[in-house]
Amino acid sequence: MTEAGLPPLVGVAEVQRRLLIIFPDGSPTRGYCTREMAARTVFAALYVGAVEGKGAWLAPKHVYRMTEEQAAVTSPEDRLAYANAAMRPGYDPPGTRWYADNTREPIRGETLREGLVAVGAATTRTDLATTSSKPRYALTADFAALFRPDLCGDELTDAIASWQRATLSKGALTRLKLRRRSGSGTDSVLVAFPDGETRRLASGPSSEIARAVIESFAPAFLREPFVLWLSESGNKVVARDDALAAEIGLTIQADRDLPDLILIDLGPTEPLLIFVEVVATDGPVSERRRRRLLDIAEADGFDPRRVAFLTAFADRDAPGY
């Protein structure tokens, strides 16, 4: 480690060479984990010190705003300065950037979530709202250790083989998938629906607010509540009840204008449709989106007078918030 606690660096070409050994042919999502974008992502994570247990985290911005000139500046002070500056709007380091801003999704979705995180080489923060733009990724400590410059020859081969046995074995990958699917542990929020079913959401303020709406607001203020739609940014659609929606004549499509949560109250003679926006980092429903949601309801024959909008947010003065 450097004096600032940053891991020592190897170049991007060496990172990719090692990735190709770490993830042999037949490895899950090998393409996402060994391509140049993956090598640059791992390098950027090491550059800013985003290693599990060190308190620093990686954002896609750290990758797509990196340049060859910046990568060549490796003093602890310069690395820490870049880690902070890259998160500022409009920041442009010297040189030609590795990627454009619109490369964020391939870095976040493919290289990180579907690649490194999926095989246990990286981890994510559990204390952020799913819509937060703060850095949330870090290499696992044992994976990051495979890129030490002083690790070479038989020692590197043995270290990689040990990591593969512990992380890429069928049993290890199965445990990882099951934990992620079930949301076991402390990194999820269990939500009980009015009909008795349960769903798990990624941990964070948005999930806690959604749970409060479903478990507290709905039974207290609605006569016969049901959840038609529940989504979160990390796992786009958590629940949707197409059968019930069809029975009441509502068409639900995964649309960018849909809110986080759609409830319906079947108690009144005429059902009441409630569009709920969960506010943890974003603002309430804009007038444009409000109009768009009304258009969706009216197109399916709903009386706009039977459509309600709810903005749900946490009391920031409440204990534990």
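In this predicted model, the buried residues of helix α6 are Pro 76, Arg 79, Tyr 82, Ala 83 and Ala 85. They pack against three other helices, namely α3, α4 (60-64) and α5 (68-71). Ala 81 also lies in helix α6. With a relative accessibility of 41%, Ala 81 falls between the limits of 20% for buried and 50% for exposed, and therefore counts as partly exposed. Its C-alpha atom is 8.9 Å from that of Val 48, a residue 33 positions away along the chain.

Val 48 leads to the packing of α6 on α3. Two packed helices are described by the angle between their axes and the distance between the axes. For helix α3 (residues 36-48) and helix α6 (residues 76-85), the axes come within 8 Å and cross at roughly 110 degrees. Because angles of 65 to 115 degrees count as roughly perpendicular, α3 is roughly perpendicular to α6. On the α3 side the contact consists of Leu 46, Tyr 47 and Val 48, and on the α6 side of Asp 78, Arg 79, Tyr 82 and Ala 83. Sorted by class, five residues of this contact are nonpolar, two are charged and none is polar. Of the α6 residues in the contact, Arg 79, Tyr 82 and Ala 83 are among those buried.

Both helices also take part in the largest nonpolar core, which has 50 residues. Inside this core, the residues with the most contacts are Leu 19, Phe 23, Val 42, Leu 58, Leu 116, Phe 143 and Phe 147. Two or more residues come from each of α1 (12-22), α3, α4, α6, α7 (104-116), β2 (137-139), α8 (141-144) and α9 (153-168). The most are given by α3, with 10 residues. Leu 116 can serve as an example: neighbours within four places in sequence aside, Leu 116 is in contact with Phe 23, Cys 33, Val 42, Thr 111, Ala 121, Ala 122 and Phe 143. A second core, separate from this one, has 20 residues, including Ile 209, Ala 218, Val 276 and Ala 312.

Two further contributors to the largest core, α1 and α9, also pack on each other, with axes 10 Å apart and an angle of about 50 degrees. That angle makes α1 oblique to α9. The crossing of α1 past α9 is right-handed. From α1, the contact involves Arg 17, Arg 18, Ile 21 and Ile 22; from α9, the residues are Leu 156, Ile 160, Trp 163, Gln 164 and Leu 168. By class, six residues of the α1 and α9 contact are nonpolar, one is polar and two are charged.

Key: Residues numbered from 1 in each chain as written. Predicted model: local features only at pLDDT ≥ 70, side-chain atom pairs only at ≥ 80, totals over all residues. Heavy atoms only, no water. Axes fitted to C-alpha atoms, helices over the stretch in contact; angles between N-to-C directions. Helix = DSSP H or I, 4+ residues; strand = E, 2+ residues; numbered from the N terminus. Parallel < 35°, antiparallel > 145°, perpendicular 65-115°, else oblique. Contact = heavy atoms within 4.5 Å. Nonpolar A, V, L, I, M, F, W, Y, C, P; charged D, E, K, R; others polar. Buried < 20%, exposed > 50% of the residue type's maximum accessible area, 1.4 Å probe, protein only. Core = buried A, V, L, I, M, F, W, Y, C linked by side-chain atoms within 4.5 Å. Left-handed = near helix turned anticlockwise from the far one by under 90°.
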